[in-house]
Amino acid sequence: MTAEPEYVHGHHASVLRSHKSRTIANSAAYVEERLRPGMRVLDVGCGPGNLTAEIAGRVAPGEVIGIDASETVVDEAARDHGDVASFALGDVDALDFDDDRFDLVHAHQVLQHLDRPVDALREMRRVTTPGGIVAARDADYGAMAWAPGNDGMDRWMELYQRMTAGLDHDANAGRHLLGWTQAAGFTDITVTSSTWEFADPDSRAWWSGVWADRVLQSSYGDIAVRDGLATRAELDDIAAAWRDWADRPDGFFLCPHVEIIAVA
Ligand SMILES: C[S@@+](CC[C@H](N)C(=O)[O-])C[C@H]1O[C@@H](n2cnc3c(N)ncnc32)[C@H](O)[C@@H]1O
């Protein structure tokens with residue numbers, strides 16, 4: 001792989017706290033019934049590997065490989081989950097695998113971070129055996145909703161949309177998944193959707209804490225400042241707005257996701 005592609009969130013601990021909370025139940029239920037013992041699975045953009053490892057448990061004694069464009073996160077995945085899956089540095093745009101190599105190629109929250117998601121889906125299809133499955137799930141930031149209204153959170157979203165657009169990434173990927181998958185040449189496609197909700201004190205505190213920290217400490221804040229979209233003082237205000245929202249007993253946040261299962 002040449003240069004690491006720019007990933008808007010980076011892999012600060014505040015980001016990994018969120019990625020490490022992902023399970024089949026909260027993030028891959030749409031594909032769960034397709035998992036069978038003995039399957040060969042590739043998890044592209046595997047991040048810290050928590051989902052990859054859980055999938056490996058379901059398909060044992062199959063083979064599961066996670067790849068990610070970030071060396072640091074791949075090393076962490078290998079350290080934490082190398083007993084159940086293999087992890088390697090790799091780019092979904094140019095997968096280092098033969099054609100027809102896997103029964104399932106999975107991508108969770110990855111296509112939204114690519115400038116050529118249709119090409120990535122074609123590449124995922126290339127390494128999937130005929131009749132095998134390409135499965136992808138992406139959030140749709142533009143469809144996220146929260147109450148009560150909060151200017152700081154509105155600004156958080158505006159900044160996120162602007163910084164992802166600046167990277168040629170689509171933060172509203174969820175709504176485009178069907179079209180992208182069709183454009184990649186698939187014809188047998190099942191589309192579903194699912195949500196994360198934050199509507200009680202514990203989940204509000206967790207979700208707002210993750211975002212307040214990410215705004216201040218992760219690449220989100222660094223890119224916003226670097227690209228002249230916000231000052232550090234504004235980021236402080238956005239983080240405070242997240243925490244204010246969490247303190248509201250009527251605080252509600254809806255995070256919608258779209259999922260596709262496409263037969264290769
Ligand atoms: C939102 S994280 C998702 C991680 C994991 N799938 C999960 O859901 O917890 C997106 C991941 O995609 C990786 N990524 C971004 N561009 C990539 C590329 N071109 N090839 C492979 N991985 C990439 C990032 O490094 C990051 O770890």
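This text leads through the ligand site of a predicted model and then turns to some backbone features in its loops.

The ligand is the natural starting point. Around the ligand stand 18 residues, and those that come nearest are His11, Gly45, Asp68, Asp91 and His108. By class, this shell comprises 6 nonpolar, 9 polar and 3 charged residues.

Several polar contacts can be followed individually. Histidine 108, one of the residues that come nearest to the ligand, places a polar side-chain atom 2.7 Å from an oxygen atom of the ligand. Arginine 22 also contributes through its side chain, in which an N or O atom is 2.9 Å from a ligand oxygen atom. In valine 92 the backbone takes this role: a polar backbone atom of valine 92 lies 3.0 Å from a nitrogen atom of the ligand. On its own, the ligand has 600 Å² of accessible area, and the protein covers 97% of that area.

The surrounding space may be considered next. The ligand occupies the largest pocket, which holds about 720 Å³ of space. This pocket is lined by 44 residues, and Tyr7, Gly45, Gln109, Val110 and His113 lie nearest its centre. Gly45 is thus listed both among the residues that come nearest to the ligand and among those nearest the centre of the pocket. The lining divides into 18 nonpolar, 17 polar and 9 charged residues.

Which helices and strands each supply at least two residues of this lining? They are the helices H1 (13–19), H4 (50–59) and H9 (201–217), together with the strands S2 (63–68), S4 (102–108) and S8 (252–263). Helix H9 gives the most, with 3 residues. Two residues already named among those nearest to the ligand, Asp68 and His108, carry the final numbers of S2 and S4 respectively.

The loops hold further points of backbone geometry. Most residues other than glycine have a negative phi, and most peptide bonds are trans. Against this background, the peptide bond from alanine 60 to proline 61 is cis, with omega near 5 degrees. Proline 61 belongs to the loop between H4 and S2, and both of these elements supply residues to the pocket lining. Another cis peptide bond runs from alanine 147 to proline 148, where omega is near -5 degrees. Proline 148 is located in the loop that lies between strand S6 (145–147) and helix H7 (151–166). Aspartate 100, although not a glycine, has a positive phi of about 60 degrees. Aspartate 100 is placed in the loop between strand S3 (86–89) and S4.

How values were computed: Residues are numbered from 1 along each chain as its sequence is written. This is a predicted model: local features need pLDDT of at least 70, side-chain atom pairs count only at pLDDT 80 or more; totals for chains, interfaces and linings use all residues. Side-chain values use heavy atoms; hydrogens and water are left out. A residue is near a molecule or strand if one of its heavy atoms lies within 4 Å of it. A polar contact is a pair of N or O atoms within 3.5 Å; within protein, one must be able to donate a hydrogen and the other to accept it, and residues adjacent in sequence count only if both atoms are side-chain atoms. Accessible areas come from the Shrake-Rupley method with a 1.4 Å probe; for residues, only the protein chains shown count as cover. On a 1 Å grid over the protein atoms alone, a cavity is a set of points where a 1.4 Å probe fits but cannot get out, and a pocket is an open set with protein on both sides within 12 Å along at least five of seven lines; lining residues have an atom within 4 Å of a point. A molecule sits in a cavity or pocket if more than half of its atoms lie within 2 Å of its grid points. Ala, Val, Leu, Ile, Met, Phe, Trp, Tyr, Cys and Pro count as nonpolar, Asp, Glu, Lys and Arg as charged, and the others, Gly among them, as polar. Grid points are joined across faces, edges and corners, and a volume is the space filled by probe spheres set on the points. Helices (H or I, at least four residues) and strands (E, at least two) are DSSP runs, numbered from the N terminus.
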